[in-house]
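Here is a short briefing on one protein chain. Please keep the structure open while reading.

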Amino acid sequence: NVGTYSIVHGYKRLHWAKRQNVIESVTCIILPHDMNPRTIFDVLLTDHLIGPAISLAEKARIIEIASRLMDEKSIRRELFTLLQLRKNTSISELAQILDQNEVIIKDIHQGRLQEKMISEILKIRSEEERLALVNLFRYLGLGDGKQKRLYTLIRDIAFRNNLSIMDFLNKDEVQSVVNHPEMNPPQKAQYLANLLQGQLTPEYNTYSEQFERQKNQ
């Protein structure tokens, strides 16, 4: 039937098809305009589940939509297993993800910000500091584990020196490493972690070197 329709899901696929000269028509599921919202939600969720893996940012969006239609107990019972969410996952924390700066949401969606770091990032009150840390992780190319280690070092040293995270990141000793003209990002990441570890626990690097020598011997 000829008419005007609202795209409920699959906008990107339709946009791609529209740009292909060889595709003249696309088969779509057309939902009645008076369909129950919960049924529409189930259609959307099913389409997501048969597609590529769902990112944490997408899961947060799905839970946000579900919260308009279901109570928390039903969401946990019916959706957490489908979305592969841990039982102790906080729904309010998922909602916080969607309130973040677009840069942070994008890094969560693309998997650049590790899941174990997201909770820590969300605890930081200052958006400027959250962005600074996420941009630093991205620039240094830090993967799982390394993000948490560097963040813990930065947080603990800043706290011990009564500095904000932003003030600490702006210190010359940190900026000289980040902006070093000859080191590449992985080298900067390793050097910065060693530098900060030495500041937090001065004997750590010495004992680590002794251990490596003894192990090699």
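Which residue forms a salt bridge with Glu120? The partner is Arg155, and the closest N and O atoms are 3.8 Å apart. Arg155 sits in helix 9 (residues 146-160) and Glu120 in helix 7 (residues 115-123), so this pair ties together parts that are 35 residues apart in sequence. The model is predicted. The chain it shows has 13 helices and zero strands.

**Overall build**

- From the N terminus on, the elements run α-α-α-α-α-α-α-α-α-α-α-α-α.
- The radius of gyration is 23 Å, well over the 17 Å that the globule rule gives for 217 residues, so the chain is more spread out than a compact globule.
- Along the principal axes, the C-alpha atoms fill a box of roughly 75 × 45 × 40 Å.
- Of the 217 residues, 31% are buried.
- Among contacts with a separation of 6 or more, 57% come from residues 24 or more positions apart.
- The exposed area of the chain is about 14800 Å². Carbon and sulfur atoms supply 50% of that area.

**Charges and salt bridges**

- The chain carries 29 positive and 27 negative side chains. The centres of these two sets lie 3 Å apart.
- Side chains of opposite charge can pair when their charged atoms come close.
- The salt bridge count here comes to 13.
- Four residues, Arg38, Asp42, Arg77 and Glu78, are linked in a network of salt bridges.

**Around Arg155**

- How exposed are the two partners of the helix 9 to helix 7 pair? Arg155 is partly exposed, with a relative accessible area of 31%. Glu120 counts as buried, at 13% relative accessibility.
- The cut-off explains the split: Glu120 is buried because its 13% falls under 20%.
- Arg155 also forms a salt bridge with Asp156, with the closest N and O atoms 3.0 Å apart.
- Asp156 is partly exposed, at a relative accessible area of 27%.

**A pair within helix 4**

- The side chains of Arg76 and Glu72 meet in a salt bridge, 3.1 Å from N to O.
- Both residues lie in helix 4 (residues 72-78). They are four residues apart, about one turn of the helix.
- Why does such a spacing suit a pair within a helix? An α-helix has 3.6 residues a turn, so residues three or four places apart point the same way.
- Arg76 is partly exposed, with a relative accessible area of 27%. Glu72 is partly exposed as well, with a value of 45%.

**The buried side of helix 3**

- Which residues of helix 3 (residues 56-66) are buried? They are Leu56, Ala57, Lys59, Ala60, Ile62, Ile63 and Ala66.
- Lys59 is part of that buried list, beside residues such as Ile62 and Ile63.
- The cover over these buried residues includes helix 2 (37-49), helix 4, helix 5, helix 6 (102-109) and helix 7.
- Two of those covering helices have appeared above: helix 4 and helix 7. Helix 4 holds the Arg76 and Glu72 pair. Helix 7 holds Glu120, the partner of Arg155.

**Positive phi in loops**

- Most residues other than glycine have a negative phi.
- Gln84 has a positive phi of about 55° although it is not a glycine. Its place is in the loop between helix 4 and helix 5 (91-97). Gln84 is exposed, with a relative accessible area of 69%.
- Asn162 is not a glycine either, and its phi is positive, near 55°. Asn162 lies in the loop between helix 9 and helix 10 (165-169). At 72% relative accessibility, Asn162 counts as exposed.

**Gly143 and its loop**

- Where is Gly143? Its place is in the loop between helix 8 (127-140) and helix 9.
- Gly143 counts as partly exposed, at 27% relative accessibility.
- Gly143 and Ala53 are 90 residues apart along the chain. Their C-alpha atoms are separated by 19 Å.

Terms used:
Residues numbered from 1 in each chain as written. Predicted model: local features only at pLDDT ≥ 70, side-chain atom pairs only at ≥ 80, totals over all residues. Heavy atoms only, no water. Helix = DSSP H or I, 4+ residues; strand = E, 2+ residues; numbered from the N terminus. Rg over C-alpha atoms; globule rule 2.2 N^0.38 Å. Buried < 20%, exposed > 50% of the residue type's maximum accessible area, 1.4 Å probe, protein only. Contact = heavy atoms within 4.5 Å. Areas by Shrake-Rupley, 256 points an atom, 1.4 Å probe, with all protein chains shown as cover. Lys, Arg positive; Asp, Glu negative; His and termini not counted. Charge placed at Lys NZ, Arg CZ, Asp CG, Glu CD.
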